[in-house]
Amino acid sequence: MKKLIFSMATLLAFTAVFAFTVLAQNWTITDKYSIKFSSSEVAGIFKTFKGTIAFDDANPATSKFDVTVDVASINTGNGLQNKHAKGEEWFDATKFPVIKFTSKKFAKTATGYSVTGDLQIKGVTKEFTIPFTFKKAGTGATFNGSFTVNRSDFKIGKPGGDVAEQIKIDVAVPVTKG
C-alpha cells in the first residue's frame, strides 16, 4: 500500500512539474504600445489596443495571443479623414468596433518568430501570419512586428481609388510579466 501511495505521489509531482513547464508566461500590455499604419497616401495610428498575451520564447507552441484594436481610436492627424475612415465605406466602426487577432500557432524563424491566427476586420476573418521579434529587458519585454495587409481582402474602402491596396502595419508592444 505504501508503494502504491508513493508511486501515486511521485506521478502527481511529475505531472505538476510537467504542467508548470509547458505553460507560457503571461504578459501584461503596457500603455506604451504603438500600432501604426501607412501607405503612400495615408498614415496614422490606432490609439487603443488591448488583449491577453501568453508567450514562451523557449517553447513558442505553448503561446497564445488574443488582442483587439478599437477601430474608433483611429487617428490620421486629420479630423475629416478620421471621420471618413470610421464610416461605413471604410472600417464601419459602428457596426464593426474592433479589429481582432486570435493566434492558432507559433513558430521560431531565422529572424525571430511568426504567429498564425485569425485576423478579423470589418466582419471578414482570414488566416494571417505575422512575423515578430521578442526582446527581453529586465522584467519586461517588447514584441515588434511589421507586415502588410491588403485592405480589399477585408472590404475596407473600394478597390483601386486613391488609397493603395497594401497597407503597412508596424506594431510595437511593450509588456511586463503578468
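This is a short tour of a predicted model, going from its aromatic residues and nonpolar core to one buried asparagine.

**Stop 1: the core**

Start with the largest nonpolar core, which has 43 residues. Select Ile53, Phe55 and Phe143, since these are the members that touch the most other members. As background, nonpolar side chains in soluble globular proteins tend to be buried together.

Now keep Phe143 and show what surrounds it. Setting aside neighbours within four places in sequence, Phe143 is in contact with Ile53 and Phe55, and also with Phe65, Phe132, Thr133, Phe134, Val171, Ala172, Val173 and Val175.

**Stop 2: the rings**

Next, color the aromatics. How many aromatic pairs does a search of the whole structure find? The count is 18. For the first one to look at, pick Trp27 and Phe134: their rings are edge-to-face, with 5.5 Å from centre to centre and 70 degrees between the planes. Trp27 sits in strand E1 (residues 25-29) and Phe134 in strand E9 (residues 124-137), so this pair ties together parts that are 107 residues apart in sequence. Are these two buried or exposed? Trp27 is buried, because its relative accessible area is 6%, and Phe134 is buried too, at 11%.

Then move over to Phe55, which you already met in the core, and add Phe65. Their ring centres are 6.3 Å apart and the planes make 45 degrees, so this pair counts as tilted. Again distant parts of the chain are linked: Phe55 belongs to strand E4 (residues 49-55) and Phe65 to strand E5 (residues 64-70), with their positions 10 residues apart in sequence. Phe55 counts as buried at 1% relative accessibility, and Phe65 is buried with a relative accessible area of 9%.

To see how these pairs fit together, select Trp27, Phe55, Phe65, Phe106, Tyr113, Phe132, Phe134 and Phe143 in one go. Ring pairs link these residues into a cluster. Phe143, from the first stop, is one of the members.

**Stop 3: a buried asparagine**

Finish at Asn82, in helix H2 (residues 79-86). This is a polar side chain to zoom in on: Asn82 counts as buried because its relative accessibility is 12%, and the cut-off for buried is under 20%.

What does Asn82 touch, not counting residues up to four places away in sequence? Show Ile74, Asn75, Thr76 and Gly77. From that stretch, zoom in on Thr76: its backbone nitrogen lies 2.7 Å from a polar atom of the Asn82 side chain.

Note on methods. Residues are numbered from 1 along each chain as its sequence is written. This is a predicted model: local features need pLDDT of at least 70, side-chain atom pairs count only at pLDDT 80 or more; totals for chains, interfaces and linings use all residues. Side-chain values use heavy atoms; hydrogens and water are left out. Helices (H or I, at least four residues) and strands (E, at least two) are DSSP runs, numbered from the N terminus. Buried means under 20% relative accessible area, exposed over 50%, partly exposed in between (1.4 Å probe, protein chains only). A polar contact is a pair of N or O atoms within 3.5 Å; within protein, one must be able to donate a hydrogen and the other to accept it, and residues adjacent in sequence count only if both atoms are side-chain atoms. Contact means heavy atoms within 4.5 Å. A nonpolar core is a set of buried Ala, Val, Leu, Ile, Met, Phe, Trp, Tyr and Cys residues joined through side-chain atoms within 4.5 Å. Rings of Phe, Tyr and Trp (its six-membered ring) pair if their centres lie within 6.5 Å; planes under 30 degrees apart count as stacked, over 60 as edge-to-face and the rest as tilted.
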